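Reader: I'd like a close look at one part of this protein, the cysteines and the core around them. Could you walk me through that patch and then tie it to the rest of the fold?

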Amino acid sequence: MSPRQLNDRLAQHTQHCTECTRVLSTLKTKLQRAQLAAAASLAGLMGLLGAAVLPYAIAVLTGSQNAAAAVVQGSTAAAASGTAVAGGAGALGVAALVLGLVGLLAVAVARSTAELITRFEYVEFSHADNH
């Protein structure tokens, strides 16, 4: 029997143990949800960044300096009218920060959950580690 077969925890134990099978299933569901949360956060962050950058880029490309200045000062709505409204960029910045942090947290949860899943499937054994 090869070392890979000897250390195959999934075939040796997990598949036959109802408790381990249940926990493994729960971990796989948690992994899927964390991956989905990370993807959704990234998509939301990209949308916010697009909403913040796209009006400025359009204003610059069209040569409207008043509109570009308004976007820089904080409002995409102000860019359309050529006047500045304070606070828009701050709200976008906070939302982007929150989405970024949620995404990072989701990635961390996904990575740790994936690590736990591997422990139910295969663990390299070393006699030296036991002494």
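Author: Helices here are DSSP runs of H or I with at least four residues, strands are runs of E with at least two, and both are numbered from the N terminus. Keep in mind that this is a predicted model. On that footing, the protein has six helices and zero strands, and reading along the sequence gives the pattern α-α-α-α-α-α.

Now to the cysteines. Are Cys17 and Cys20 buried or exposed? Cys17 counts as buried, at 18% relative accessibility, and Cys20 is buried too, with a relative accessible area of 16%. The cut-off for buried is under 20%.

What about a bond between them? In general, a disulfide is a covalent bond between the sulfur atoms of two cysteines. To count as one here, the two sulfur atoms have to be within 2.5 Å. The cysteine sulfur closest to that of Cys17 is in Cys20, and the distance is 3.7 Å, so this pair is too far apart for a bond. Seen from the other side, Cys20 is in no disulfide either, with the sulfur of Cys17 as its nearest cysteine sulfur. The count for the structure is zero disulfides.

What the two cysteines do share is a place in the largest nonpolar core. That core has nine residues in all: Cys17, Cys20, Leu24, Leu27, Leu31, Ala34, Ala110, Ile117 and Phe120. Which elements give two or more residues to this core? They are α3 and α6, and the largest share, five residues, comes from α3. Helix α3 covers residues 18–62, while helix α6 covers residues 88–121.

Cys20 gives you one link across that core. Setting aside its neighbours within four places in sequence, Cys20 touches His13, Thr14 and Phe120. Phe120 is itself one of the core residues.

For a second link, look at Thr113, which sits in helix α6. Thr113 is buried, with a relative accessible area of 0%. Leaving out neighbours within four places in sequence, Thr113 is in contact with Leu27, Lys30 and Leu31. Two of those partners, Leu27 and Leu31, belong to the nonpolar core.

These same helices also carry charged pairs. How many salt bridges does the structure hold? There are two. One joins the side chains of Glu19 and Arg22, at 2.4 Å from N to O. Glu19 and Arg22 are three residues apart in helix α3, which means about one helical turn separates them. Both ends are partly exposed: Glu19 has a relative accessible area of 43%, and Arg22 has 47%.

The other salt bridge is in helix α6, between Arg119 and Glu115. The closest N and O atoms of this pair are 3.4 Å apart, and the two residues are four apart in sequence, again about one turn of the helix. Arg119 counts as partly exposed at 45% relative accessibility, and so does Glu115 at 43%.

Stepping back to the whole protein, 21% of the 131 residues count as buried. Among contacts between residues at least 6 apart in sequence, 61% join residues at least 24 apart. The accessible surface comes to about 8900 Å², with 65% of it belonging to carbon and sulfur atoms.

Definitions and conventions. Residues numbered from 1 in each chain as written. Predicted model: local features only at pLDDT ≥ 70, side-chain atom pairs only at ≥ 80, totals over all residues. Heavy atoms only, no water. Buried < 20%, exposed > 50% of the residue type's maximum accessible area, 1.4 Å probe, protein only. Contact = heavy atoms within 4.5 Å. Areas by Shrake-Rupley, 256 points an atom, 1.4 Å probe, with all protein chains shown as cover. Salt bridge = Lys/Arg side-chain N within 4 Å of Asp/Glu carboxyl O. Core = buried A, V, L, I, M, F, W, Y, C linked by side-chain atoms within 4.5 Å.
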